Amino acid sequence: MFSITAHIHHRAPPLTSFKPPKPLYVSALIIPPSSSSTSSQTQKQQQLYQPFRRPAPPLPSRYRSLDTNEKIEILSSRSGSWFNYAPLITLLVQEGFISTTIEELTGIPSVEQNRLVVAAQVRDSLIESAPDEIVSFFDPPGSPEILYEIRILNTPQRAAAARFIISNEFEGKQSAELAKSMKDFPRRYGDRGWECFDADLPGDCLAFMYYRQAQEYKSASSPELSKASLEKALKVVESDRAREKVMDELLGRSEGTSDTDQTDSVKVPIVRMAYGEVAESRIVVVFPICRAEMRELEVEDAPWECGRRGEFGVVEAEKGWRRWVVLPGWAPVADLKKGGVAVAFPKARGILPWRSKKRDTDEEILVVADRSRKGVEQDDQFYLVVSSGNGEGLKVERGAKLNEMGVKTSLGTVVLVVRPPREELNE
């Protein structure tokens, strides 16, 4: 027996079973970094910006020692206040549960799970910035729907929005419009009437949103909808200056009768884009883009019709084109099915026939025109025309001036002017 064992012990293993170690991994483990390298890495780590992240609020004492089954039971029965049991959803997710499993176990739909968790976080931010009576107003079970809508605002804005919501008895949809208007207001710097509204007043932000909608409806020849939007603005506006501005528009009071005033009044929507606005839009439109320096050549040659086909909404044009732009489905362009075209101007200076802030004149702009309406029919309308100077490309001109010059046909009626996003307005 011992001879057999010795025979087995001294038997050489097959060559194929021998795998030499890779020295690269061993050397990587045993060679320590140099002191200079270590100090350099430490210095870089110390220089990294570490944003403050407020820790999650503690669970109520009776929830802290729960096991998984007890958490599921509380969520199933909705035991206690919604903002107390909402964090249990997060704990279950941390334990490895997915939303669909939690829905099967507790009966809380996945969408409502997200709403509860986010609303609880918004409520926690109100605890830091609003009085107790404001916070306690959102204790009833129906409050998460409202708090969820103001999640896009920062902490001070949430507190102001909460007060306004309580004062005006807003529901979920109205709260969503309020939050969107407060978030969007700084981005609209330079828009008509913007300076008359106060960014610190939620009602003014919402009123300005309705005021802008009224301008779009008016440009789209929908006076009834324009009047309805202005009446909605009057119900929520807070500052006296903004209220006067809305009243002037509602009553049709002109801002002046001199030639200068008439030149400064613009009867075409001017919109400043916001980063991510296209992604958030439920409806978008696609237009071929033309270069202004190509004069009328590209404008006349661009595709006339572009639409969606099939269940996937595949965009098809009547012919190929190199450059396209996607815009939100704003009212002036949403119904522009045929003949729409966007013209890119490197700078707005000398292109638009009205006075603009100096900073705005150096920006690139897009002018959207309707080529199906080429006739110069209205003095207060704007039209896309070829500039009179040689090599100057295209420009926008008022109908009154074109009629004085005897020009009866244009390249198209201007329906919208789009300004680019600005970084500081999206902070």
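The paragraphs below lead through this predicted model, from its overall make-up to its salt bridges, its charged surface and a few single residues.

Because the model is predicted, local features are reported only at pLDDT of at least 70 and side-chain atom pairs only at pLDDT 80 or more, while totals for chains, interfaces and linings use all residues. Residues are numbered from 1 along each chain as its sequence is written, and side-chain values use heavy atoms, with hydrogens and water left out.

The protein's secondary structure amounts to 20 helices and 10 strands, where helices (H or I, at least four residues) and strands (E, at least two) are DSSP runs numbered from the N terminus. Of its 427 residues, 39% count as buried; here buried means under 20% relative accessible area, exposed means over 50%, and partly exposed lies in between (1.4 Å probe, protein chains only). The protein exposes about 25,700 Å², and carbon and sulfur atoms supply 53% of that area, the areas being obtained by the Shrake-Rupley method with a 1.4 Å probe, with only the protein chains shown counting as cover for residues. If one takes the contacts (heavy atoms within 4.5 Å) with a separation of 6 or more, residues 24 or more positions apart account for 67% of them.

Charged side chains offer a way into the fold. Side chains of opposite charge can pair when their charged atoms come close. With a salt bridge defined as a side-chain nitrogen of Lys or Arg within 4 Å of a carboxyl oxygen of Asp or Glu, the count comes to 17. One of these joins Glu-95 to Lys-71, with the closest N and O atoms 2.6 Å apart. Glu-95 sits in the loop between α5 (82-94) and α6 (99-106) while Lys-71 belongs to helix α4 (residues 68-77), so this pair ties together parts that are 24 residues apart in sequence. The two partners can also be described by their cover: Glu-95 counts as partly exposed at 37% relative accessibility, whereas Lys-71, with a relative accessible area of 8%, is buried.

Further along the chain, Glu-397 takes part in a salt bridge with Lys-395 (3.6 Å, N to O) and in another with Lys-401 (3.8 Å, N to O). Glu-397 is buried at 8% relative accessibility, while Lys-401, at 41%, counts as partly exposed. Elsewhere, Arg-272, Glu-363 and Arg-419 are joined into one network by salt bridges that share partners.

Other charges lie on the surface in a patch, built from residues with over 30% relative accessible area and no salt bridge, in which like charges are joined within 9 Å and nonpolar side chains (Val, Leu, Ile, Met, Phe, Trp, Tyr) within 5 Å. A positive patch of this kind gathers Lys-173, Lys-180, Lys-232, Lys-235 and Arg-282, and the elements giving two or more residues to it are α11 (172-184) and α13 (223-236). Lys-173 has its place in helix α11 and, at 69% relative accessibility, counts as exposed.

Two buried residues show how parts of the chain meet. Cys-290, in strand β2 (residues 284-291), is buried at 0% relative accessibility. Leaving aside residues up to four places away in sequence, Cys-290 touches Glu-298, Val-299, Ala-302, Trp-321, Val-341, Ala-342, Val-343 and Ala-344; with Ala-344, 54 residues apart in sequence, the C-alpha to C-alpha distance is 6.2 Å. Ala-119, in helix α7 (residues 110-129), is likewise buried at 0%, and on the same basis Ala-119 touches Trp-82, Pro-144, Leu-147 and Tyr-148. The C-alpha atoms of Ala-119 and Trp-82 are separated by 9.5 Å, although these residues are 37 apart along the chain.

The loops deserve a look as well. Gln-378 lies in the loop between β7 (365-370) and β8 (382-386) and is partly exposed, with a relative accessible area of 37%; from Gln-378 to Ala-400, 22 residues apart in sequence, the C-alpha atoms are 7.3 Å apart. In the loop between α4 and α5, Arg-78 has a phi near 50°, a positive value in a residue other than glycine, and is partly exposed at 33%. Glu-169, in the loop between α10 (155-168) and α11, also has a positive phi, about 55°, without being a glycine, and counts as exposed at 65% relative accessibility.

Note on methods: Lys and Arg count as positive and Asp and Glu as negative; His and the chain ends are not counted. The place of a charge is taken as NZ of Lys, CZ of Arg, CG of Asp or CD of Glu.
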